[in-house]
Amino acid sequence: MTAVRCPFCRENDDKVVDSRTGEDGAAIRRRRECLACGRRFTTYERIDEQGLVVCKRDGTREPFDRPKLRAGIERAATGRLDEHAIDALAVEVEEQLRAQGGEVGSDRIGLIVLEQLRALDHVAYLRFASVYKGFEDLADFEREVVELQKTTEPKRRLPS
Ligand SMILES: [Zn+2]
């Protein structure tokens, strides 16, 4: 993500305060705040539709499918994150994938989503993990919850 010249004061120093996919899904709309003058403006960036290929577990390849990624996140996050947060997460994941470029394993996509959800909402994280990791029974969930507590609440609620 690169800085954009401020349309008000011409400084080239801003931070992104909000990102979401545009209506047609082909552009990313960003709200930016100029760090020099404090004013806000919006940019639209065309998403590069070329070049991101997903390599699936069975070895087949398919073009990256944005609606599919968002649907997967939405299934896990329904009732936990609002539409806006789901959009922002999908954009973030896609940007990480595009930064790596070329070809990306479907496993890798799942891991990136998990990393993001872990920080956002533990229920959505567990739902996503249950699909991604193929949980089969309660013990799988319990193990994952213990892992979550280890990483997020060190040395507090763990039995000695
Ligand atoms: Zn400015």
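This report walks through the strands, the aromatic pairs and the largest pocket of a predicted model.

**Strands 1 to 3**

Let's start near the beginning of the chain. Strand 1 covers residues 14-21 and runs antiparallel to strand 2, with 7 bridges joining the two. To see one of these contacts, look for V16: its bridge partner in strand 2 is R32. Strands of a sheet pair through backbone hydrogen bonds, and they can do so in a parallel or an antiparallel way.

Strand 2 also pairs with strand 3, which spans residues 40-46; again there are 7 bridges, and again the two strands run antiparallel. Here R31 has T42 in strand 3 as its bridge partner. Between strand 2 and strand 3 the hairpin has 5 residues, and in this hairpin G38 takes a positive phi near 80°.

How many of the 8 residues of strand 2 are buried? The count is 6, so strand 2 (residues 27-34) is mostly covered, given that a residue is called buried when its relative accessible area is under 20%. One residue to look at is C34, which is buried with a relative accessible area of 1%. Another cysteine, C9, has 29% relative accessibility and therefore counts as partly exposed. As for disulfides, the model has 0 of them.

**An open sheet**

Further along the chain, 3 strands form an open sheet in the order 5-4-6, with mixed pairing. Strand 5 (61-63) and strand 6 (103-105) are at the edges; each has a single partner strand, so one side of each is left without a neighbour in the sheet. On average, neighbouring strands of this sheet are turned by 30° against each other, with direction ignored.

Strand 4 takes in residues 53-55 and is joined to strand 5 by 3 bridges, the two running antiparallel. In this pairing, C55 stands opposite R61 of strand 5. As you trace such strands, it helps to know that in a regular strand the side chains alternate between the two faces of the sheet.

**Aromatic pairs**

How many aromatic pairs does the structure hold? There are 2 aromatic pairs, set out in this table.

| Pair | Arrangement | Centre to centre | Angle between planes |
|---|---|---|---|
| F128 and Y132 | stacked | 6.4 Å | 25° |
| F135 and F141 | edge-to-face | 4.8 Å | 85° |

F128 and Y132 both belong to helix 4 (residues 122-132), and because they are 4 residues apart there, about one helical turn separates them. Both F128 and Y132 are buried.

Is F135 buried or exposed? F135 counts as buried, because its relative accessibility is 14% and the cut-off for buried is under 20%. Its partner F141 has a relative accessible area of 30%, so F141 is partly exposed.

**The largest pocket**

Finally, turn to the largest pocket, whose volume is about 550 Å³. It is lined by 23 residues, and those closest to its centre are K68, G72, S106, I109 and F128. You have already met F128 as the stacked partner of Y132.

Which elements give two or more residues to the lining of the largest pocket? They are strand 5, helix 1 (66-77), helix 3 (106-120) and helix 4. Helix 1 gives the most to this lining, with 7 residues.

Terms used
Residues numbered from 1 in each chain as written. Predicted model: local features only at pLDDT ≥ 70, side-chain atom pairs only at ≥ 80, totals over all residues. Heavy atoms only, no water. Disulfide = S-S within 2.5 Å. Buried < 20%, exposed > 50% of the residue type's maximum accessible area, 1.4 Å probe, protein only. Pairing = 2+ DSSP bridges. Axes fitted to C-alpha atoms, helices over the stretch in contact; angles between N-to-C directions. Phe/Tyr/Trp six-rings, centres within 6.5 Å; stacked < 30°, edge-to-face > 60°. 1 Å grid on protein atoms, 1.4 Å probe; cavity = no way out; pocket = protein on both sides within 12 Å on 5 of 7 lines; lining within 4 Å. Points joined across faces, edges and corners; volume = space filled by probe spheres on them.
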